Amino acid sequence: MVSFSERLTVAPDVLFRLVGDEGVLLNLNTTLYLGLNPVGTRMWNALTSASSIQAAYDALLGEYEVEPAQLRADLEEFIQRLLGQNLIVAGPAIEASRERA
Amino acid sequence: MTGVRDLLETATNGPCGFEAGAGSRYRYGVYGMVISSDTPLDLPSDTHGGLAQVECVSAPAAAFLAATDRGGDDRDTDSWYQYVSLRDGSTYVRWRSIGEFLVATDGRRIMFRRFDNASLESFQVYLLGQALSFALIRQGFEPLHATAVVVDRHAVAFLGSNAFGKSSLAACFLEAGSRLLTDDLLILGESGNRILAYPGPSRLKLFPKIARRFLGQDATSRVHMNPDTDKLILPIEEHRRQGRPVALDAIYALAAPRDACRTPYVRVESLSPREAFLELLKGTFNRRLTNQPRLARQFSFTARLTDLVAVKKLTYPRTIERLPEVREAVRADLARDARPTLNVQPGFLD
C-alpha cells in the first residue's frame, strides 16, 4: 500500500478529460478506457494535483460530509485501483518549501 | 525506399505500363473531402467543405502483389477480407470479389483495383467506406459508424455497428420527407461552437423489403452490396439528398439487435456524459488503426463531441411495422430540449 506521505502523478501515456462533471481516462499503453463518476473525478483531481496523498485527503475531508476513516478507506481503495491500471505513479511528496517556490 | 511511392514507381516501370497518378482528372466531393480519381466514380461533383483531399489511383494487380509480398506486422485474413498493416505505415485491404486497396501512410492517396466481376456501385461502397476510412484517419479525421438524415434543417445521426438498423431507420425518415445526409460513414467537423455533419455518397444500403416499404423502390434491378448479402445499393434521388454540410443536432446510439429484440417498447434514454463518451468511442468507423497518436486524437475528439452534441440511447423492437413509431419518438425527442439530463450515481471507477 502506498504511503499517504507520497505524491501521485498521472502516469506517462495516460490521458484524462472532463466530460460534463465526469472524467474519462485512456491508457495509451494498454488502450484501456475508464470512466470516473463525479466523486471519482473529484478524487482524481485532488490526488493528481496535491503535493501528497495526505494533502488530497485533507482537502477532500473538508469538502465532503464523511467519516475520516471512511474517506481514508475509500481513498485507499481508489488509489489501489488506479495503481492497478497503471494510471498513476507514486513518488516522493513535493516539499513545502519547493511548493512555495 | 518502401511504400506507396515505391510501389507506384515499380508499377510505372513495370510491364503493366501503369502510370502513377497519371491524370487524376475527375474531381468529386464527398464527406467534405475533395476526391480526385483517374477513373470516373459515381459521386457528386460539388465540393463543399474542402476539408482534405484524397487521390484515388487505379493500379494493376502487380502493384498490390508487390505490397503484400513485403509483408507487415499486423494482419488479419479470412476468406472474405484481408488486412495488412505494412511496415512503412501504409495499409492494404482486400475484399474477395470486390477489389483491393493500398492506402498511403499519409492518407492522401488510395491505390485501387476493382475485380472483374464487381459492379462499380459495390466497389464504391468499399472504396468510399472502409478503404477511405483509413485515409481519413491518416489525415486526422475521426469517422463515425453512423447514418444521418436532416430533420428540420439539422442533422440527426444514428450510430451503430453493422446490422444495427441505421439505414432502415434512415429510410423511414426519408419516407416522411427528411433528406439523406450520409449512410454508414459520418464525418464531422467543428465550426465555432457547433458540429457540422458532412454529406456522403447519395445512396442507401437496404434490404429489399425495407426499400419497397419506405422508398417505394423496386428491388429487382438493383445491385447487391456484395455476393453474400441480399442488401442492395439504392441510389437516392437529388430531392431526397442533402448536398451541403449541416449542423449536427443529436446522435442516437442504436441498441444492439440482441438487446432490442427483448423490448416491446420504443425508448429514448438520455446518457450521462461518460456514457455518451463510451457510446461515441464504440461508434468509431475504423477500429483497425490503434496507434497512440490516433487513439490520443480520437480521445480528444470524442470528449469534445460529448461536450457539444446530445447523445442518446435508442432502443426499439426490430420490426418494419414499428419503425414509423420510432421515427415519431425521435422527432418528439428532438422537439424537446436536445441536451441530455445528467443521471449519475456516486461511486468509483466503472
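In chain B, residues 24 or more positions apart account for 67% of the contacts with a separation of 6 or more. The structure described here is a predicted model, and chain B is a convenient place to begin. Its secondary structure consists of 9 helices and 20 strands. Of the 350 residues in chain B, 45% count as buried.

The domain assignment divides chain B into domain 1, residues 4-138, and domain 2, residues 144-335. The C-alpha centres of these two domains of chain B lie 26 Å apart. Where the domains meet, 23 residues of domain 1 of chain B are in contact with 23 residues of domain 2 of chain B. Helix α3 (residues 120-138) of chain B supplies the largest share of the domain 1 side, with 10 residues. Sorted by class, that side of domain 1 of chain B comprises 12 nonpolar, 9 polar and 2 charged residues.

Within domain 1, a run of strand pairings can be followed through β3(B). Strand β2 (residues 33-37) of chain B and strand β3 (residues 52-58) of chain B run parallel and are joined by 5 bridges. Strand β3(B) is also joined to strand β8 (residues 109-114) of chain B, again in the parallel sense, by 4 bridges. A helpful residue to look for here is B:Glu55, which stands opposite B:Ser36 and also opposite B:Arg109 in β8(B). In general, strands of a sheet pair through backbone hydrogen bonds, either parallel or antiparallel.

Turning to domain 2, helix α4 (residues 166-175) of chain B is mostly covered, with 8 of its 10 residues buried. The buried residues of α4(B) are B:Lys166, B:Ser167, B:Ser168, B:Leu169, B:Ala170, B:Ala171, B:Cys172 and B:Phe173. After α4(B) comes B:Gly177, which has a positive phi, near 105°.

Farther along chain B, an open sheet of 3 strands shows antiparallel pairing in the order β15-β17-β16. Strands β15 (203-206) and β16 (223-224) of chain B are the edge strands, each pairing on one side only. The pairing of β16(B) with strand β17 (residues 232-235) of chain B is antiparallel and extends over 2 bridges. In this pairing, B:Val223 has B:Ile233 of β17(B) as its bridge partner. Helix α5 (residues 208-215) of chain B lies across β15 and β17 of chain B, and runs at about 25° to β17(B).

B:Phe285 is worth a closer look. This residue lies in the loop between α7 and α8 of chain B. B:Phe285 counts as buried because 21 C-beta neighbours lie inside 10 Å. Leaving aside residues up to four places away in sequence, B:Phe285 touches B:Ser133, B:Pro143, B:Leu144, B:His145 and B:Leu185. The C-alpha atom of B:Phe285 is separated by 14 Å from that of B:Gly200, 85 residues apart along the chain.

The helices on either side of this loop lead to the contact with chain A. This contact takes 22 residues from chain B and 19 residues from chain A. On the side of chain B that touches chain A, the elements giving two or more residues are α7 (273-282) and α8 (292-308) of chain B. Helix α8(B) gives the most to that side, with 7 residues. The chain B side of the contact divides into 13 nonpolar, 6 polar and 3 charged residues.

Chain A brings a sheet of its own into the picture. This open sheet has 3 strands in the order β2-β3-β4 (chain A), with antiparallel pairing. Strands β2 (14-19) and β4 (32-36) of chain A stand at the edges with a single partner strand each, so one side of each is left without a neighbour in the sheet. From one strand to the next, the twist averages 20°. Strand β2(A) pairs with strand β3 (residues 22-27) of chain A in the antiparallel sense over 6 bridges, and A:Arg17 stands opposite A:Val24 in β3(A).

Helices from both chains pack on this sheet of chain A. Helix α1 (residues 38-49) of chain A touches β2, β3 and β4 of chain A, and its direction makes about 65° with that of β3(A). From chain B, helix α8(B) packs on the sheet by touching β2 and β3 of chain A, with its direction making about 5° with that of β2(A).

Methods:
Residues are numbered from 1 along each chain as its sequence is written. Chains are lettered from A and ligands numbered from 1 in the order in which they are written. This is a predicted model: local features need pLDDT of at least 70, side-chain atom pairs count only at pLDDT 80 or more; totals for chains, interfaces and linings use all residues. Two residues are in contact if their C-beta atoms, placed from the backbone, lie within 7 Å. Ala, Val, Leu, Ile, Met, Phe, Trp, Tyr, Cys and Pro count as nonpolar, Asp, Glu, Lys and Arg as charged, and the others, Gly among them, as polar. A residue is buried if 20 or more other C-beta atoms lie within 10 Å of its own, exposed if 12 or fewer, and partly exposed in between; C-beta atoms are placed from the backbone. Two strands pair if DSSP finds at least two bridges between them. Axes are lines fitted to C-alpha atoms, for helices over the stretch in contact, and angles run from 0 to 180 degrees between N-to-C directions. Domain bounds come from an automatic or database domain assignment.
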